[in-house]
Amino acid sequence: MSVAFTREEDLEATAADLADRPISPHPNLVTPEGLALIEAELAAARAAYTAAQVQGSIESDRTAMARATRDLRYWGARRASAQLVEPGEDDGVVRFGGSVSIAREDGRTQTWRIVGEDQADPAQGSVSHVSPLARAVLGKRAGDEATVAGQTVEIVAVD
């Protein structure tokens, strides 16, 4: 059916039935920066919810209200389950919140910071503690080897 033959209310009703954002089954470990990120996202969700309420009746903008409500549930749950992990002592072991540099077989050297799931951004050099890379290197030291994506890598630095 052409979009021309659908009623706007039908589109609004569909948008208002947004599925919840999936919550990870893994422990919600967070760095101090990750906790600040969650709190900022929660504040933004609260502001969006308030804005959606102020703009008029719920019926007039169900999409904005549905998005705001969904985000409030997600970030509220993430804040409630957050387990703050303070930086540990620098004992040369790859730990949550720390950085690790690896040398790949092809000669590339990469540095990654191991953070919580909500803070992870591979493009910015951070990976989740539940990622295959993090799981492979956690607990190791400089000079140790690990297998990442089927390749052997050497840990060259731990910060």
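Here are five short exercises on the structure above, each with a worked solution.

Before you start, note that this is a predicted model, where local features need pLDDT of at least 70, side-chain atom pairs count only at pLDDT 80 or more, and totals for chains, interfaces and linings use all residues. Residues are numbered from 1 along each chain as its sequence is written, and side-chain values use heavy atoms, with hydrogens and water left out.

**Exercise 1. The overall plan**

Task: Find how many helices and strands the protein chain has, and in what order they run.

Solution:
- Step 1. Helices (H or I, at least four residues) and strands (E, at least two) are DSSP runs, numbered from the N terminus.
- Step 2. Counting them in the protein chain gives four helices and seven strands.
- Step 3. Reading from the N terminus, the order is α-β-α-α-β-β-β-β-α-β-β.
- Step 4. Now look at burial: buried means under 20% relative accessible area, exposed over 50%, and partly exposed in between (1.4 Å probe, protein chains only). Of the 159 residues in the protein chain, 31% are buried.
- Step 5. A contact means heavy atoms within 4.5 Å. Taking contacts in the protein chain between residues at least 6 apart in sequence, 57% join residues at least 24 apart.

**Exercise 2. Charged partners**

Task: Work out which parts of the chain are tied together by the salt bridge of Glu117 and Arg78.

Solution:
- Step 1. A salt bridge is a side-chain nitrogen of Lys or Arg within 4 Å of a carboxyl oxygen of Asp or Glu. The structure holds nine of them.
- Step 2. Between Glu117 and Arg78, the closest N and O atoms are 3.9 Å apart.
- Step 3. Glu117 sits in the loop between strand S4 (109-115) and strand S5 (126-128), and Arg78 in helix H3 (residues 62-81), so this pair ties together parts that are 39 residues apart in sequence.
- Step 4. Check the surroundings: Arg78 is buried at 2% relative accessibility, whereas Glu117 is partly exposed at 25%.
- Step 5. For another example, take Arg95 and Asp91, whose closest N and O atoms are 2.5 Å apart in their salt bridge. Arg95 is partly exposed at 39%, and Asp91 is partly exposed at 26%.
- Step 6. Finally, look for a network: Arg21, Arg70 and Asp71 are linked by salt bridges. Within it, Arg70 and Asp71 have their closest N and O atoms 3.7 Å apart.

**Exercise 3. The nonpolar core**

Task: Find which elements supply the largest nonpolar core.

Solution:
- Step 1. A nonpolar core is a set of buried Ala, Val, Leu, Ile, Met, Phe, Trp, Tyr and Cys residues joined through side-chain atoms within 4.5 Å.
- Step 2. The largest one has 16 residues, and Val94, Val100, Ile102, Ile114, Val137 and Ile155 have the most contacts inside it.
- Step 3. At least two residues each come from strand S3 (99-103), S4, helix H4 (132-137), strand S6 (145-148) and strand S7 (151-158). H4 gives the largest share, four residues.
- Step 4. Another core lies apart from this one; it has seven residues, among them Val30, Ile38, Leu42 and Tyr74.

**Exercise 4. A histidine in a loop**

Task: Decide whether His129 is buried or exposed, and find what its side chain meets.

Solution:
- Step 1. Locate His129 in the loop between S5 and H4.
- Step 2. With 10% relative accessibility, His129 is buried.
- Step 3. A polar atom of the His129 side chain lies 3.3 Å from the backbone oxygen of Pro27.
- Step 4. Leaving aside neighbours within four places in sequence, the contacts of His129 include Phe96, Ile114, Glu117 and Leu138.

**Exercise 5. Strands around S7**

Task: Find which strands pair with S7, and in what sense.

Solution:
- Step 1. Two strands pair if DSSP finds at least two bridges between them.
- Step 2. S3 and S7 pair in the antiparallel sense over four bridges, with Ala103 opposite Glu154.
- Step 3. S6 and S7 also pair in the antiparallel sense over four bridges, with Val148 opposite Gln151.
- Step 4. The hairpin of S6 and S7 has two residues between the strands, and Ala149 there takes a positive phi near 55°.
- Step 5. Val153 lies in S7 and is buried, with a relative accessible area of 1%. Val153 and Glu105 are 48 residues apart in sequence and 6.4 Å apart in space, C-alpha to C-alpha.

Technical notes:
Polar contact = N/O pair within 3.5 Å; in protein donor to acceptor, adjacent residues only side chain to side chain.
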